[in-house]
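Me: I'd like a close look at one part of this protein, the second pocket in order of size, and then a walk outward from there. Could you take me through what lines it and what sits behind it?

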Amino acid sequence: EKVGAILASSGAEIDGMISVAYVGSSVAATLLRNLGDKRINVHPAQPRAQLMRTLQSYDAGIGLIPPTDLYIVSSPTKTLEYYAAGIPAILNHLPEYEALFDESSAFFCELTAEAISAMVSRIHSMSRKELQQIAHKGREIVMRQRSYAVMAENLYHFLNKQLLHRTDAE
């Protein structure tokens, strides 16, 4: 909701078109719709097949998360989904993001209206090829480190190690 409010408050400074997918009842979606800015499109929830087609037209996903106690230690599932779909993301500086991505694989910015506006403008100035290169680097990272197959294997080894450690202690 905070990100939507930032976009709504800084819409005039953003150079380019913004498409935002929100569930229709969200407060941020209402704020964005009420701006009446023709550059901002707010989409309702979509069936999976339609969503996959729509996502391919996006330049970047928004993975901006407030740095609360919960989010500082959580895994950014939506951001990983963007990258798995081949879409780079605008991210703020959270430990989990910084452990996975760098400037060549993500669009890092501060969680301020000015920084987000500048990043959206930067993205709109980039070619499709440049965006795809960043998305490809990020997707490789996600598939190598955070795919379900990799996480299942890591969990198996972690639990097995715990079990062996426990058996040795007994």
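Reply: Sure. Keep in mind that this is a predicted model. The second largest pocket has a volume of about 250 Å³. Its lining is made up of Ser75, Thr77, Leu80, Glu81, Ala84, Val142, Met143, Arg146, Ser147, Tyr148 and Met151. Sorted by class, that comes to 6 nonpolar, 3 polar and 2 charged residues.

Where do those residues come from? Three elements give two or more residues each to this lining: α5, α8 (128–145) and α9 (148–169). Of the elements, α5 gives the most, with 4 residues.

That makes α5 a handy place to step from the pocket to the sheet. The sheet is an open one of 3 strands, in the order β3-β4-β5, and its pairing is parallel. The strands at the edges are β3 (61–63) and β5 (107–108); each has a single partner strand, so one side of each is left without a neighbour in the sheet. Helix α5, residues 77–84, packs on this sheet and touches β3 and β4, with its direction at about 150° to that of β4. In other words, the helix that gives the most to the pocket lining also packs on the sheet.

Now for the pairing itself. As background, strands of a sheet pair through backbone hydrogen bonds, either parallel or antiparallel. Here, β4 (residues 89–91) runs parallel to β5, and 2 bridges join them. If you want one pair to click on, go for Leu91, whose bridge partner in β5 is Phe108.

Leu91 is also a good marker for finding helix α7. Ile116 lies in that helix, and its C-alpha is 9.4 Å from that of Leu91, with the two positions 25 residues apart in sequence. Ile116 has 1% relative accessibility, so it counts as buried.

Just before β3, have a look at Ala60, which lies in the loop between α3 (48–55) and β3. Leaving aside residues up to four places away in sequence, Ala60 touches Ile87, Pro88, Ile90, Phe107 and Ile123. Take Ile90 from that list: it is 30 residues from Ala60 along the chain, yet their C-alpha atoms are separated by 6.7 Å.

Back on the way to α8, one of the pocket elements, you pass Ser127 in the loop between α7 (113–124) and α8. Is it buried or exposed? Ser127 counts as partly exposed because its relative accessibility is 35%. Ser127 and Asp59 are 68 residues apart in sequence, but 9.6 Å apart in space, C-alpha to C-alpha.

Finally, zoom out to the whole chain. There are 9 helices and 5 strands, and along the sequence they follow the pattern α-β-α-β-α-β-α-α-β-α-β-α-α-α. Of the 170 residues, 38% are buried. Among contacts between residues at least 6 apart in sequence, 55% join residues at least 24 apart. The Ala60 and Ile90 pair, 30 residues apart along the chain, is one to keep on screen while you look around.

How values were computed. Residues numbered from 1 in each chain as written. Predicted model: local features only at pLDDT ≥ 70, side-chain atom pairs only at ≥ 80, totals over all residues. Heavy atoms only, no water. Pairing = 2+ DSSP bridges. Contact = heavy atoms within 4.5 Å. Axes fitted to C-alpha atoms, helices over the stretch in contact; angles between N-to-C directions. 1 Å grid on protein atoms, 1.4 Å probe; cavity = no way out; pocket = protein on both sides within 12 Å on 5 of 7 lines; lining within 4 Å. Points joined across faces, edges and corners; volume = space filled by probe spheres on them. Nonpolar A, V, L, I, M, F, W, Y, C, P; charged D, E, K, R; others polar. Buried < 20%, exposed > 50% of the residue type's maximum accessible area, 1.4 Å probe, protein only.
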